[in-house]
Amino acid sequence: MANAVPKHIGIIMDGNGRWAQKKHLPRVMGHRQGARTLDKLLNDAKGLGVEHITVYAFSTENWKRAEEEVSGIMGILREYINKYFREYANSDFRVDSVGDLSALSEDLQADIARLKDVSKDRTGIHLTIAMNYGSRDEIKRAVQKIACEVKEGKLDIPDITEELISEHLDSAGTPDPELIIRTSGELRTSNFLLWQSAYSEYYITDKLWPDFTIEDLKDAISVYQSRDRRFGGRNEVVK
Ligand code: IPE
Ligand code: IPE
Ligand code: MG
């Protein structure tokens with residue numbers, strides 16, 4: 001039997017730079033087009049039955065890039081956070097973030113906080129933007145929080161269960177993604193949702209992120225639906 005439509009999809013939006021390069025444009029133009037692609041996709045994805053979408057916008061490793069590119073990406077992030085605040089005032093998107101926001105500019109942090117707050121009670125698609133996000137950093141911060149609670153006597157060592165660890169991650173409260181999409185053909189996770197994706201299905205496409213459309217999303221969902229998810233067990237009848 002086909003799997004149901006995934007409730008949570010993670011997207012590694014990769015290939016903005018290559019898209020720009022192919023068109024002899026500066027890399028930042030690729031990021032700008034990538035932001036437009038996401039904007040359109042989110043609107044087109046309404047009604048598919050997907051409840052949560054987590055998009056990888058900027059990793060803890062992306063600071064290694066040229067200052068010009070980093071500030072270009074930060075500018076686009078701020079522009080879109082504000083656009084969502086203005087234009088989505090009457091929409092039903094709930095916006096969230098994962099990642100260590102403390103490294104972002106104070107203006108951007110304030111804009112994100114304002115958008116989260118205004119959208120927190122909405123019931124439409126729950127969009128989580130991964131900014132200055134790295135799974136290892138997220139897990140490290142969760143371990144630090146748990147260690148503090150143990151030290152303060154609020155927790156005992158046997159209380160540290162898999163569920164408790166999940167509840168201390170930035171993604172607490174959001175179910176694990178059933179499907180993770182990566183554009184641009186790279187066969188790696190690049191530090192995205194490592195804990196949460198233990199049993200996610202991966203879908204990799206060669207399409208560059210700025211070229212990704214709702215049809216590509218539907219293809220990814222239908223490939224996911226045809227996968228045999230065994231979770232370590234066996235689905236077939238033993239002969
Ligand atoms: C993904 O596109 C966006 C970010 C990492 C911020 P890239 O900029 O990595 O594009 P490529 O991989 O160089 O083509
Ligand atoms: C992953 O893409 C991060 C984002 C899409 C934000 P990268 O382009 O940074 O990943 P690598 O360097 O190819 O692993
Ligand atoms: Mg890349």
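This is a short tutorial dialogue on reading the largest pocket and the two ligands of a predicted model.

Me: How do I start looking for empty space in a structure like this, and what is the volume of the largest pocket?

Reply: Rolling a probe the size of a water molecule over the atoms shows where empty space is left. In this predicted model, the largest pocket has a volume of about 730 Å³.

Me: Which residues should I click on to find the centre of the largest pocket?

Reply: Try Met 13, Asn 16, Tyr 56, Ala 57 and Asn 62, which lie nearest the centre among the 33 lining residues. Two or more lining residues come from each of α1 (16-22), α2 (27-44), β2 (52-56) and α3 (67-87). The largest share belongs to α3, with 6 residues.

Me: What is the chemical character of the lining of the largest pocket, by class?

Reply: A count by class is a handy way to read a lining. Here there are 16 nonpolar, 8 polar and 9 charged residues.

Me: Now the ligands, please. Where does ligand 1 sit, and which elements give two or more residues to its shell?

Reply: Ligand 1 sits in the largest pocket. The elements that each supply two or more residues to its shell are α1, α2 and α3, and the largest share, 3 residues, is from α1.

Me: Which residues come nearest to ligand 1, and how do the residues of its shell divide by class?

Reply: Of 13 surrounding residues, Asp 14, Gly 17, Arg 18, Arg 27 and Arg 65 come nearest. By class, the shell divides into 3 nonpolar, 5 polar and 5 charged residues.

Me: Which backbone atoms should I inspect around the oxygen atoms of ligand 1?

Reply: For polar contacts, look at pairs of N or O atoms within 3.5 Å. Follow the backbone through three residues: a polar backbone atom of Gly 15 is 3.4 Å from an oxygen atom of ligand 1, a backbone N or O atom of Asn 16 is 3.1 Å from one, and for Gly 17 the distance is 2.9 Å. As for cover, ligand 1 has 380 Å² of accessible area on its own, and the protein covers 86% of it.

Me: And ligand 2: where does it sit, and what surrounds it?

Reply: Ligand 2 also sits in the largest pocket. Its surroundings include Ile 12, Met 13, Tyr 56, Ala 57 and Phe 58, along with Asn 62, Arg 182 and Arg 188. By class, its shell holds 5 nonpolar, 2 polar and 4 charged residues.

Me: Which side chains have an N or O atom paired with an oxygen atom of ligand 2?

Reply: Look at Asp 14, Arg 65 and Ser 190. The side chain of Asp 14 places an N or O atom 3.2 Å from an oxygen atom of ligand 2, and the distance for the Arg 65 side chain is 3.2 Å. For the side chain of Ser 190, the distance is 2.6 Å. Taken alone, ligand 2 exposes 390 Å², of which the protein buries 78%.

How values were computed
Residues numbered from 1 in each chain as written. Chains lettered and ligands numbered in written order. Predicted model: local features only at pLDDT ≥ 70, side-chain atom pairs only at ≥ 80, totals over all residues. Heavy atoms only, no water. Near = heavy atom within 4 Å. Polar contact = N/O pair within 3.5 Å; in protein donor to acceptor, adjacent residues only side chain to side chain. Areas by Shrake-Rupley, 256 points an atom, 1.4 Å probe, with all protein chains shown as cover. 1 Å grid on protein atoms, 1.4 Å probe; cavity = no way out; pocket = protein on both sides within 12 Å on 5 of 7 lines; lining within 4 Å. Sits in = over half its atoms within 2 Å of the grid points. Nonpolar A, V, L, I, M, F, W, Y, C, P; charged D, E, K, R; others polar. Points joined across faces, edges and corners; volume = space filled by probe spheres on them. Helix = DSSP H or I, 4+ residues; strand = E, 2+ residues; numbered from the N terminus.
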